[in-house]
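Trainee: Could you walk me through the open and enclosed spaces in this one, and then the cysteines?
Mentor: Gladly, let us take the pockets before anything else.

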Amino acid sequence: MAGNEWGAAERRRCLDTQLHAWRELWQPQPFRELQPAWTQAWPALAAQVLALSETEVTRLNDDGAAALRLLATHLPEVGELLALTALSDLPAQPAQPPANSFWDWEIPGRKKAQIEAFAAAANAARSGLAAAEAQRPVLDWCGGKGHLGRLLALSWQVPVHSLDFDAGLCAAGAALATRARAGQDFVHADALAVSDWPRRGEHAVALHACGELHRRLIREGARCGVGALDVAPCCYYRGVETHYQPLAAPLALRLSRDDTRLAVTETVTAGARETRLRDQALAWKLGFDHYRRLYDCAQGGAGDYRNFKPVPDAWLRASFAECMGYLCPREGLPLPSAAVLAECERAGWRRRDELMRYSVVRHAFRRALEIWLALDLAVHLEERGYAVRLGVFCARELTPRNLLLSARLA
């Protein structure tokens, strides 16, 4: 089937080789660097991306495959990533709860569609199991109000345990389960510390458990021998202190926390107002960075980038002058004159335009990084006796985090 020419370990090795070879294109962060070093090595590529229209910038930052094809016109070997990042859609068999079960009370439309798509893929993978295996109890890991677990409890008619750290969500979920007459209970526990979950023989599911939460489920699940796992990973950088620690045997690539964050920077297309506010927020932060570099140089410094604390959204929605009026005192800088303020605002917008264009090159590698991270989980499970399949469970328009790791203990 298309997109599955390699086993998990082989695909991971090939991706590792490619990402390591091209790391100088995707590791530099345009927000921190006025001009990424790769622009000197590939000036024609730099000239092309800087000449892109706003429409092209939006499209290419949104479409990683199209961005890769642009890069391949300058660097043909990069095109190998197109095949390595092509994953098949997983088979889907809609989960069918009893009529009038009202399992979807209080679920927003997009979230409901994600849950249904995940459940359909998990249901299709389950359909070939022996009767005894199909009766495994389900662990809904980091389940919140247990919407996914409730659908599975009603559809599969098996006990479901939904585990979450938030007591309020557990209580709300228990009330919804009672109203739907679902065979579901709730475990109020910290998934990062709990010692008696997951359990041998269970079917563990996790829809968008972030970072260390999904990694712990896979580590502990494999250790104790859960019978099946269906996991849609999310926010790989969460729980990473400085560098990502692979679950499988390390290869050449070593990812920083910022590298793992790059893998999940993709978002569903925003509306006009949200886009305008996002662009202004970026320009304001870059304008402040420009001022601090100018001030540092005036004091005899090098004018290098320095981190600053997160900026409240309200400051970024204000005028540039108002935003600087909040930021400068907080960061220990004097307020600029009106002339310098105007220069910095112009510089912020100019750098925003450059950053969005340089980001096309970075974002071309985003899906490859995400798949590399998911394959690290897959290979870890394969090494422990699981048959694993990695594929896509829904369209990216529904959620960009649409990878599903489906594993069964062989």
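**Pockets, a cavity and cysteines**

Mentor: The second largest pocket has a volume of about 470 Å³, where a pocket is, on a 1 Å grid over the protein atoms alone, an open set of points where a 1.4 Å probe fits, with protein on both sides within 12 Å along at least five of seven lines, and lining residues have an atom within 4 Å of a point. This is a predicted model, in which local features need pLDDT of at least 70 and side-chain atom pairs count only at pLDDT 80 or more, while totals for chains, interfaces and linings use all residues. Residues are numbered from 1 along each chain as its sequence is written, and side-chain values use heavy atoms, with hydrogens and water left out.

Trainee: Which residues are closest to the centre of the second largest pocket?
Mentor: Among the 23 residues lining the second largest pocket, Gly64, Ala65, Glu266, Arg367 and Arg396 are the closest to its centre, and helix H6 (64–72) gives the most to that lining, with four residues.

Trainee: And how much space lies in the largest pocket?
Mentor: The largest pocket holds about 1,900 Å³ of space, and of its 45 lining residues the closest to the centre are Thr265, Arg278, Leu282, Lys285 and Leu355.

Trainee: Which helix supplies the largest share of that lining?
Mentor: Helix H14 (272–298) does, with nine residues, and by class the lining of the largest pocket divides into 17 nonpolar, 10 polar and 18 charged residues.

Trainee: Switching topic, what lines the largest cavity?
Mentor: The largest cavity, a cavity being a set of points where the probe fits but cannot get out, has a volume of about 50 Å³, and its lining consists of Pro30, Glu33, Leu34, Leu286, Arg351, Glu354, Leu355 and Tyr358. Helix H17 (338–363) gives the most to the lining of the largest cavity, with four residues.

Trainee: Now the cysteines: how many disulfides are there?
Mentor: There are zero disulfides, a disulfide being a pair of cysteine sulfur atoms within 2.5 Å. Cys210 is in none, and the nearest cysteine sulfur, that of Cys235, is 3.6 Å away. Cys323 is likewise in no disulfide, with the nearest cysteine sulfur, that of Cys328, 8.7 Å away.

Trainee: Why does Cys323 count as buried?
Mentor: Cys323 counts as buried because its relative accessibility is 0%, where buried means under 20% relative accessible area, exposed over 50% and partly exposed in between, with a 1.4 Å probe and protein chains only. Cys210, at 22% relative accessibility, counts as partly exposed.

Conventions: Points joined across faces, edges and corners; volume = space filled by probe spheres on them. Helix = DSSP H or I, 4+ residues; strand = E, 2+ residues; numbered from the N terminus. Nonpolar A, V, L, I, M, F, W, Y, C, P; charged D, E, K, R; others polar.
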